[in-house]
Amino acid sequence: LIVDAADKNNSMLNKRMMGRFRRLLNDLELKESCLIGRRYTWSNERRQPTLEKIDRWFSTSDWDAGHPDYLLQAMSSSISDHCPLLLAAAAAPRRRARFRFESFWPRHPHFHETVDRAWNRPTTQRRAFARLTTKMTRVAKDLKIWSKSLFSDARLQLHLASEIVLRLDIAQESRPLSDDEFHLRKALKLR
């Protein structure tokens, strides 16, 4: 649902539903957080698109008072017709990168060799859990190195494609996309 006529890029509005939605928000004493970076959060993906702001974050005054440094940002719509929203502290502390196992890795050549080599290196640990921890840590470290050497370009391409889609999403809010821009956006989202 939309709250206001400005939440849609055309005049096809259901004013009765908008009014009911506004009354509900008032009754529940909810207020909307300001969205940074985008005016609309959904597109029907057509050449002359309908754009709407239907993805939102509402909170109570108590929540806002307890979280004054949080910002709501719009992300790239590269994998959906909606743009994901990210609610995060404005100055979040930097965290050490965590190990993330990718489900496609076992299908790749040399995956099992990498795991086997890391797992079978000798360890001086005598206790079973300490030995298991050492082996798991080694496998994770070696898989990170193996993955980075093979897939870092793919990850960079994914981030670049996502950034281009975001920039085209933002441009689309203020002007029609050219044919080339429209087809590029569509191709990047499919890829």
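**A walk through the structure, from an exposed turn to a buried strand**

Histidine 110 is partly exposed, because its relative accessible area is 46%, and partly exposed covers values between the buried limit of 20% and the exposed limit of 50%. The model described here is predicted. Histidine 110 sits in the loop that joins β7 (85-89) to α3. Its backbone has a positive phi of about 80°, although the residue is not a glycine. Most residues other than glycine have a negative phi, and so a positive value is worth noting.

Glutamate 29 is another residue with a positive phi, here about 55°, and it is not a glycine either. Where in the chain is glutamate 29 found? It lies in the loop between α1 and β1 (31-32). Glutamate 29 counts as exposed because its relative accessibility is 65%, and the limit for exposed is over 50%. Histidine 110 and glutamate 29 are separated by 81 residues in sequence, and their C-alpha atoms are 57 Å apart in space.

From histidine 110 the chain leads into helix α3, which covers residues 111-119. Two packed helices are described by the angle between their axes and the distance between the axes. For α3 and α4, the axes come within 8 Å and cross at roughly 145°. The crossing in which α3 passes α4 is right-handed. On the α3 side, the residues in contact are Phe111, Thr114, Val115, Ala118 and Trp119. On the α4 side they are Leu132, Lys135, Met136, Arg138, Val139, Asp142, Leu143 and Trp146. Sorted by class, this contact has nine nonpolar residues, one polar residue and three charged residues.

Helix α4 spans residues 128-174, and further along it takes part in a pocket. The second largest pocket holds about 240 Å³ of space. Its lining consists of Ser78, Ile79, Ala154, Gln157, Leu158, Ala161, Ser162, Leu188, Lys189 and Arg191. The elements that supply two or more of these residues are α4 and α5 (179-190). Which element gives the most to this lining? That is α4, with five residues. By class, the lining of the second largest pocket has five nonpolar, three polar and two charged residues.

Helix α4 contributes to an enclosed space as well. How many cavities of 30 Å³ or more does the structure hold? There is one. The largest cavity contains about 60 Å³ of space. It is lined by 15 residues, and those nearest its centre are Arg38, Trp42, Ser43, Leu51 and Gln172. Both β3 (42-43) and α4 supply at least two residues of this lining. The most come from α4, with three residues. The lining of the largest cavity divides into four nonpolar, five polar and six charged residues.

Serine 43, one of the residues nearest the centre of that cavity, belongs to strand β3. It is buried because its relative accessible area is 5%, and buried means under 20%. Leaving aside neighbours within four places in sequence, serine 43 is in contact with Pro49, Thr50, Leu51, Asp81 and Gln172. Among these contacts, Leu51 and Gln172 are themselves named as lying nearest the cavity centre. Serine 43 and alanine 128 are 85 residues apart in sequence, with a C-alpha to C-alpha distance of 55 Å.

Threonine 41 lies in the loop between β2 (35-36) and β3. Is threonine 41 buried or exposed? It is buried, because its relative accessible area is 1%. Outside its neighbours within four places in sequence, threonine 41 is in contact with Leu35, Glu52, Lys53, Ile54, Asp55, Asp81, His82, Cys83 and Leu85. Asp81 appears here and among the contacts of serine 43.

The last stop is the start of the chain. Lysine 8 is placed in the segment before α1 (15-27). It counts as buried because its relative accessibility is 15%, and the limit for buried is under 20%. Apart from neighbours within four places in sequence, lysine 8 is in contact with Ile2, Leu13, Tyr40, Thr50, Leu51 and Glu52. Thr50 and Leu51 are contacts of serine 43 too, and Glu52 is a contact of threonine 41. Leu51 is in turn one of the residues nearest the centre of the largest cavity.

Conventions: Residues are numbered from 1 along each chain as its sequence is written. This is a predicted model: local features need pLDDT of at least 70, side-chain atom pairs count only at pLDDT 80 or more; totals for chains, interfaces and linings use all residues. Side-chain values use heavy atoms; hydrogens and water are left out. Helices (H or I, at least four residues) and strands (E, at least two) are DSSP runs, numbered from the N terminus. Buried means under 20% relative accessible area, exposed over 50%, partly exposed in between (1.4 Å probe, protein chains only). Contact means heavy atoms within 4.5 Å. On a 1 Å grid over the protein atoms alone, a cavity is a set of points where a 1.4 Å probe fits but cannot get out, and a pocket is an open set with protein on both sides within 12 Å along at least five of seven lines; lining residues have an atom within 4 Å of a point. Grid points are joined across faces, edges and corners, and a volume is the space filled by probe spheres set on the points. Ala, Val, Leu, Ile, Met, Phe, Trp, Tyr, Cys and Pro count as nonpolar, Asp, Glu, Lys and Arg as charged, and the others, Gly among them, as polar. Axes are lines fitted to C-alpha atoms, for helices over the stretch in contact, and angles run from 0 to 180 degrees between N-to-C directions. A crossing is left-handed if the near helix is turned anticlockwise from the far one by less than a right angle, and right-handed if clockwise.
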